Amino acid sequence: MAANALKIRKLSLGKSLIVFSLRGAHLNARLDPIALYGGTGSFAIDVDDSGALPGFHSVLELRSVALREFFDATLGVKQIEGAGSMKLDVRASGTDMTR
């Protein structure tokens, strides 16, 4: 699915391509490419509930993004200026939020 604009809470995305798939207990979602705050990025999340423990893996990559606008929209932080690139890679599993 293609979108010219997408709003997720306070986060504003420009032109983005969104691909979802669900096979049994495995969900895969990808947004690639994403246009945001003067830069580009990609986001992927995989959720797997097929094994003994449910788990997920998520990767966010941003390139040349206006940091003030990005951090204001996501964290409410306005003191950071400039353009930046970052990668966040998170993997977790468990039966609930406390384990």
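Helices (H or I, at least four residues) and strands (E, at least two) are DSSP runs, numbered from the N terminus. I start my notebook with that, since elements such as H1 and E5 turn up below.

**Entry 1: ground rules.** I am looking at a predicted model, where local features need pLDDT of at least 70 and side-chain atom pairs count only at pLDDT 80 or more, while totals for chains, interfaces and linings use all residues. Residues are numbered from 1 along each chain as its sequence is written, and side-chain values use heavy atoms, with hydrogens and water left out.

**Entry 2: the whole chain.** I looked up the secondary structure and found one helix and eight strands. Along the sequence they follow the pattern β-β-β-β-β-β-β-α-β. The C-alpha trace spans about 45 × 30 × 20 Å along its principal axes. Next I checked pLDDT, the predictor's confidence in each residue, from 0 to 100. Its mean for the chain is 92, and 97% of the residues reach 70 or more. Among the elements, strand E2 (residues 6–8) has the lowest mean, 88, and E7 the highest, 96.

**Entry 3: burial.** Buried means under 20% relative accessible area, exposed over 50%, and partly exposed in between (1.4 Å probe, protein chains only). Of the 99 residues, 28% count as buried.

**Entry 4: the largest pocket.** Rolling a probe the size of a water molecule over the atoms shows where empty space is left. On a 1 Å grid over the protein atoms alone, a pocket is an open set of points where a 1.4 Å probe fits, with protein on both sides within 12 Å along at least five of seven lines; lining residues have an atom within 4 Å of a point. Grid points are joined across faces, edges and corners, and a volume is the space filled by probe spheres set on the points. I noted about 390 Å³ for the largest pocket. It has 16 lining residues, and the closest to its centre are Leu11, Phe43, Leu60, Phe70 and Thr74. Which elements each supply at least two residues of the lining? I found strand E3 (11–13), E5, strand E7 (55–66), H1 and strand E8 (83–93). H1 gives the largest share, four residues. The lining divides into 14 nonpolar residues, one polar and one charged (Ala, Val, Leu, Ile, Met, Phe, Trp, Tyr, Cys and Pro count as nonpolar, Asp, Glu, Lys and Arg as charged, and the others, Gly among them, as polar).

**Entry 5: rings.** Rings of Phe, Tyr and Trp (its six-membered ring) pair if their centres lie within 6.5 Å; planes under 30 degrees apart count as stacked, over 60 as edge-to-face and the rest as tilted. I count two aromatic pairs by this rule. In one, Tyr37 and Phe70 sit edge-to-face, 6.5 Å centre to centre with 70° between the planes. Tyr37 lies in the loop between strand E5 (26–36) and strand E6 (39–48) and Phe70 in helix H1 (residues 67–75), so this pair ties together parts 33 residues apart in sequence. Phe70 and Phe71 have ring centres 5.4 Å apart and planes at 65°, so they are edge-to-face. Both Phe70 and Phe71 are buried.

**Entry 6: two more residues.** Is Ser42, in strand E6, buried or exposed? Ser42 is buried, at 14% relative accessible area. Asp72, found in helix H1, is partly exposed at 31%. Contact means heavy atoms within 4.5 Å. Leaving aside neighbours within four places in sequence, Asp72 is in contact with Leu67, Val77 and Lys78.
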